[in-house]
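Biologist: I am new to this structure and would be grateful for a close look at a single part of it. Please choose one element, set out its surroundings first, and then describe it in detail.

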Amino acid sequence: MTFIPEKQIGTGDIVLSVHEKKYLHKVIETSRMSYGPMTKEFESRFRKHHKCDHALFCNSGTSALHMSLAVLKEKYNWKDGEEIIIPALTFIATCNVVLHTNLKPVFVDIEPDTYNIDPKKIEEKITDKTRCIIPVHLFGQPADMEPIMDLAKKHNLQVIEDSCEAMFVKYKGKSIGSFGNISCFSTYIAHFLVTGVGGICLTNDDELAIMLRSYMNHGRDSIYLDMDADKGKKGSELASIVSKRFNFVRLGHSFRATEFEAAVGLGQLDIVDEIITKRKANAAFFTKGLQPLTNYLQLPTQKEDRDHGFMMYPIVIKKESPKTKEQLVNFLEENKIETRDMVPLLNQPFIKDLFGDIEKDFPVAENVRKNGFYFGCHHYLKEEEKQYIVDKVLEFFSE
Ligand SMILES: Cc1ncc(COP(=O)(O)O)c(C=O)c1O
């Protein structure tokens, strides 16, 4: 019998199972909603997975990136207008946070096969104003971190890994998130671990960890960053905390998440092995099923020296294809398969207002933006949905 999906096959999904509900019930039973045991356990387990010393759970990947730039700017005394290197193809938030912190994004073209920042093109963009590189591990695959870290060392630059599209993957045997000064993750719906909204900063720098916790709490004094900080304290120690509860040492934000998001995250961490295995198996299924079309479609490349987490399944239409991306995407959407463009950035109206029509200067990113799209590869996809996606793409090209 032919399978017809009842609802759209999304690029991401969340099904709250017994795992998430177990932790959510604990939050409901205790009525503790702000930074407490759930968040602390989630942070602890997440950082151990990535072999880092500190994790800070906040309300989005964008907030995680924003506060990372802000605290590095403070620590290293960067001036407004100094330069931050980012890829010419990434989700808009990578660029927005640079602008929000009064710094200047400097774009670098991407590699045609991984779609990540091309390390060979970074050095020509480094000036005496460059302060930081933000490589993005796009679509679930780590950027080429070795040459990037070599350049950062050579030019005394800081590094923030934008890991919002990747988790639990290694590059040359080392976990992503453990290369830069700080790395940032997103747990928004359709991401690898889903908590509704959420973001995580990882760092091995003790000072940056304190600054980040302060920054996401309105810039509070580190003596009172946790409502349990005064519990069990007496005498002068208690008096000191009480007097500094409303002490603000930097211009901060309210970027906090709640115990509910952390509880969902803990439930997802309980099934993380299943998530990783299923995403890889889904990608292998798509790659096998779409093999007859490799003259027309560039399927994802998996580099030997790194994992691929497959946050989604990205495809770029080759120039040999008799049909366009728009035709394929419209066909899939009409058949209830959700698609997304491969992260438009430099063609966006406000970016053009700020920087002019610069997309043509980044031909690889431009080609991927124009001819690339993705569909879901998430762990909730059912066998019949995966087969349906493959069948529909094959059908489209057979017509
Ligand atoms: C590369 C990249 N950076 C940053 C973000 C922002 O994450 P959030 O949506 O949690 O703010 C995203 C979100 O999709 C992303 O893909």
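**From the whole chain to one strand**

Modeller: In this predicted model, the C-alpha centres of domain 1 and domain 2 lie 27 Å apart. The domain assignment places residues 18-269 in domain 1 and residues 272-398 in domain 2. Where the two meet, 29 residues of domain 1 are in contact with 24 residues of domain 2. On the domain 1 side of this boundary, α4, β6 (170-171) and α8 (259-270) each contribute at least two residues. That side is made up of 18 nonpolar, 6 polar and 5 charged residues.

The chain as a whole contains 13 helices and 13 strands. Its radius of gyration is 22 Å, close to the 21 Å that the globule rule gives for 399 residues, so the chain is as compact as a globular protein of that length. Measured out along the principal axes, the C-alpha trace spans about 80 × 55 × 40 Å. Of the 399 residues, 45% count as buried. Among contacts between residues at least 6 apart in sequence, 71% join residues at least 24 apart.

The element I have chosen is strand β11, which covers residues 312-317. This strand is mostly covered, with 6 of its 6 residues buried. In a regular strand, side chains alternate between the two faces of the sheet. Both faces of β11 are covered: one side carries Met-312, Pro-314 and Val-316, and the other carries Tyr-313, Ile-315 and Ile-317, all of them buried.

The pairing of β11 may be followed one partner at a time. With strand β10 (residues 297-298), β11 pairs in the antiparallel sense over 2 bridges. There, Val-316 in β11 has Gln-298 standing opposite. With strand β13 (residues 372-376), the pairing is again antiparallel, over 5 bridges. In this second pairing, Tyr-313 has Phe-375 of β13 as its bridge partner. Tyr-313 thus appears in two descriptions: it is buried on one face of β11, and it is bridged to Phe-375.

For orientation, the ligand site may be located as well. The ligand is surrounded by 14 residues, and the closest are Ser-60, Gly-61, Thr-62, Cys-164 and Ser-186. By class, this shell holds 5 nonpolar, 7 polar and 2 charged residues. Helices α3 (61-75) and α4 (92-100) each supply at least two residues of the shell. Helix α4 was also named above, as a contributor to the side of domain 1 that touches domain 2.

Terms used: Residues numbered from 1 in each chain as written. Predicted model: local features only at pLDDT ≥ 70, side-chain atom pairs only at ≥ 80, totals over all residues. Near = placed C-beta within 6 Å. Helix = DSSP H or I, 4+ residues; strand = E, 2+ residues; numbered from the N terminus. Nonpolar A, V, L, I, M, F, W, Y, C, P; charged D, E, K, R; others polar. Domains from an automatic or database assignment. Contact = placed C-beta atoms within 7 Å. Buried ≥ 20, exposed ≤ 12 C-beta atoms within 10 Å, placed from the backbone. Pairing = 2+ DSSP bridges. Rg over C-alpha atoms; globule rule 2.2 N^0.38 Å.
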